[in-house]
Every structure is written in structure tokens, then in C-alpha cells.
Amino acid sequence: MSFTVRVPAKVNVQLSVGAARPDGFHDLANVFLAVGLYDEVTVTPADGLTVTCSGPGTDQVPLDRTNLAARAAEMLAARYDRMPDVHIHIVKDIPVAGGMAGGSADGAGALVACDALWGTNASRSELLDICAELGSDVPFSLVGGAALGIGRGEKLTALEVGGTFHWVFAMADRGLSTPAVFREFDRLSAGFDVPEPVARQDLLVALAEGDPDALAASVSNDLEPAALSLFPELAATLAAGRTAGALAALVSGSGPTTAFLVRDSSSAAEVVTALRASGTCRTVRTASGPALGATLLEVSMSEPG
Ligand code: C5P
């Protein structure tokens, strides 16, 4: 018997970063929007814990116990005093090390899939606790939609969204390490007063009203200068999307994926064409948000072939 869970990518429409805390993390005001690019995580009973992965960028995905999907299975098994005897297969569509929470999605997906496979029936709050332990973005991958994350980004409040927002994403030809981008943020902000991060009211209203122009006027990402400093070529990608008529262009999370908010699907097509022609990125995709969080898709009674 196997269970498959589909989990969305995210884009941060606001990512405000405070000063480094004593534990090395940064307090955030992190407004997440889940978008319709998905990884699928399938779990099947096995002797021991194994992970396989298919899709673009798979060579950069760790298949050992450092993979968040494997850690999720181990943590759930430990709580319920059982062995994590499961094979986890990840079909990747979310860019690897791209700033769209692909690794976090796999953690949340494996957790929900193992909970179904093992019949552990963990409560929502128990699942969210495990997610928060796995990583700062993992709780949002579980819940999806739109949410404000404070603390490390793991303390979530769901946000109202009054419409569909259309996006174009440009994937880069290499990844960026999230810790390295935060370290660069620290380096660039050394000697400056870093204000307490707070959610912007105009941005929350823009989301609630489903107003793309108002959202475009209020998006921001404090990690963008750090990502650009480590990956200067991203400036050309951002410029190409802006010139083609994107309402807003920003680095997604810690990057290097760049995100372009567009008014509708015809404007998305123009931005896609321009980004492809620019030769500044590996691949270009469209997706809209909000999207559902981790969703159990399929139960198969037969062993996968
Ligand atoms: O929580 P997660 O393991 O995803 O974080 C990865 C890294 O990103 C952390 O080790 C830390 O360097 C950085 N980070 C941070 N502040 C946050 C979230 C992440 O400094 N709020």
C-alpha cells in the first residue's frame, strides 16, 4: 500500500528580517503565499528508511537522513514508538535550493504521508510542532494558502486572500544556500540598526482584496540584496521581467528563483517569452496562488512497479 501527498511551493510577498538572534536565527515578518508548483511525496512500507527522488535538479537532493522527508518520517516514528520503515519517493517540480521551500515541502509531505500510512492520526497541532522542529518554512508547507509567519517564520497566522494572483518564476542554473544568504544579510547589515520586522498593513489589505497592483506596490524582500550580492546575474533576470511588463519583480525567499507578479495569464505569457529570450535563466514557469497546503492525493493498494 502507498500514499501520495502533493505539496506546494511558496513565494514570500513580504520577507522582513530582523537582526541575528543569539541562537543564530533571525526574527522574521514573513508573508507566505503558496503557489501551484508542486512536489509529490509517495511513501511505501519497506525494510528500513530509504529515499529516492526524480525530476529536475535531483542530483542536488540528499538521499540520506539529512533529507527533510527522511527526518520527518524519523520524528513521527519516534513519537509513536515505531520504526521508520518506509520508502519515500519524491517527484520534484519545485526548484531545488531555489528559495521556494522545496525541501520544506518534502518534509511536510512525508509527514502527512507517513501519518496516513502508519495510521498514527497525529493531530494538526502535533503535525505543526514536528514541522516547526524540522525547519522554519515547513509549517507553512503543511497549511498552504497564505499566512504571516513570525518568530523564525514558523509561528503562523492564516491570512485572507480575496483573489488569485498570477506569477511567473525564473529558475536559475544553480542554487543558493539559505544559511549563506542569511550570513550575507548579516555582513551587509553590520553596523546598521536593523529594525524589528513587522507585517505591512497595506500588503495584508492588498492580499485580502485580491488586488495585484496594490500587492505589487507593497511586496518586499530584505534578503534580496544579499541574494544579489552572492548571485549578481539575478539583476539581469529581474530587469528583463520588469521591462516585459511584470507588475513587480523580486527574489523569492533566499533565492535564486526570481518571482514576477503579473496581472493575468496574457501578461504572464509576455513575461515568459521575454525571460526565455533574455537567456538569463535556466527555465521559466507560471503558477498562481494561493494554493492548497499538503494534500493527500492517492492511496494505492498495489506495490509500485
Ligand atoms: O529553519 P531552517 O532550517 O529552514 O533554516 C535554515 C537556515 O536559515 C538556518 O540555519 C539559518 O541560517 C537561516 N535562518 C535564519 N533565520 C530564520 C530562518 C532561517 O537565520 N528565521
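Are D39 and K92 buried or exposed: which of the two words fits them? Both D39 and K92 are buried. Keep in mind that the structure you're looking at is a predicted model.

**A salt bridge on the inside**

D39 and K92 make a salt bridge, and their closest N and O atoms lie 2.3 Å apart. Where do the partners sit along the chain? D39 belongs to strand β2, K92 belongs to the loop between β4 and α2 (102–118), and 53 residues separate them, so to speak, as distant parts of the chain that the pair links. As background, side chains of opposite charge can pair when their charged atoms come close.

**Strand β2 and its partners**

Since D39 is in β2, let's look at that strand next. Is strand β2 enclosed or open to the outside? Of its 20 residues (26–45), 15 are buried, so the rest of the structure largely encloses this strand.

Now for the strands that pair with β2. The table lists each partner, with the number of bridges and the sense of the pairing.

| Partner of β2 | Residues | Bridges and sense |
|---|---|---|
| β1 | 2–20 | 15 bridges, antiparallel |
| β4 | 86–91 | six bridges, antiparallel |
| β5 | 146–150 | four bridges, antiparallel |

You can find a residue pair for each partner in the 3D view. On the β1 side, Q14 stands opposite V31 in β2. For β4, V41 has I90 as its bridge partner. For β5, F32 stands opposite A147. While you trace these strands, it helps to know that side chains in a regular strand alternate between the two faces of the sheet.

β1 and β2 also form a hairpin, with five residues between the strands. In this hairpin, G24 takes a positive phi near 90°.

**A little charged network**

Staying with this part of the chain, which residues does R21 pair with through salt bridges? R21 and D23 meet through their side chains in a salt bridge, at 2.8 Å from N to O. R21 also forms a salt bridge with D27, and here the closest N and O atoms are 2.8 Å apart. Because salt bridges that share partners count together, R21, D23 and D27 are joined into one network.

How open are these three to the outside? R21 has a relative accessibility of 22%, so it counts as partly exposed. D23 is partly exposed too, at 46%, and D27 comes out as partly exposed at 29%. For the model as a whole, the count comes to 10 salt bridges.

**An open sheet with a helix across it**

Further along the chain, which strands make up the open sheet, and in what order? Four strands form it, in the order β9-β10-β7-β11, with antiparallel pairing. At the edges are β9 (248–251) and β11 (283–289), each of which pairs on one side only. On average, neighbouring strands in this sheet are turned by 25° against each other, ignoring direction.

To see one pairing up close, go to β9 and β10 (residues 258–262), which run antiparallel and are joined by four bridges. Here A248 stands opposite L261 in β10.

Helix α9 (residues 234–243) lies across β7 (165–171), β9 and β10. The helix runs at about 10° to β10.

**S104 and its company**

Now jump to helix α2, which holds S104. Its relative accessibility is 12%, so S104 counts as buried. What does S104 touch, leaving aside its neighbours within four places in sequence? The contacts are L68, D137, V138 and S141. Take V138 as one of them: S104 and V138 are 34 residues apart in sequence, while their C-alpha atoms are 4.6 Å apart in space.

**A patch on the surface**

Last stop: the outside. Which residues make the nonpolar surface patch of about 290 Å²? The patch is made by M1, V299 and M301. M301 is found in the segment after β12 (295–300). With a relative accessible area of 63%, M301 is exposed, because over 50% is what that word asks for.

How values were computed: Residues are numbered from 1 along each chain as its sequence is written. This is a predicted model: local features need pLDDT of at least 70, side-chain atom pairs count only at pLDDT 80 or more; totals for chains, interfaces and linings use all residues. Side-chain values use heavy atoms; hydrogens and water are left out. Patches are made of residues with over 30% relative accessible area and no salt bridge: like charges are joined within 9 Å, nonpolar side chains (Val, Leu, Ile, Met, Phe, Trp, Tyr) within 5 Å. Accessible areas come from the Shrake-Rupley method with a 1.4 Å probe; for residues, only the protein chains shown count as cover. A salt bridge is a side-chain nitrogen of Lys or Arg within 4 Å of a carboxyl oxygen of Asp or Glu. Helices (H or I, at least four residues) and strands (E, at least two) are DSSP runs, numbered from the N terminus. Buried means under 20% relative accessible area, exposed over 50%, partly exposed in between (1.4 Å probe, protein chains only). Two strands pair if DSSP finds at least two bridges between them. Axes are lines fitted to C-alpha atoms, for helices over the stretch in contact, and angles run from 0 to 180 degrees between N-to-C directions. Contact means heavy atoms within 4.5 Å.
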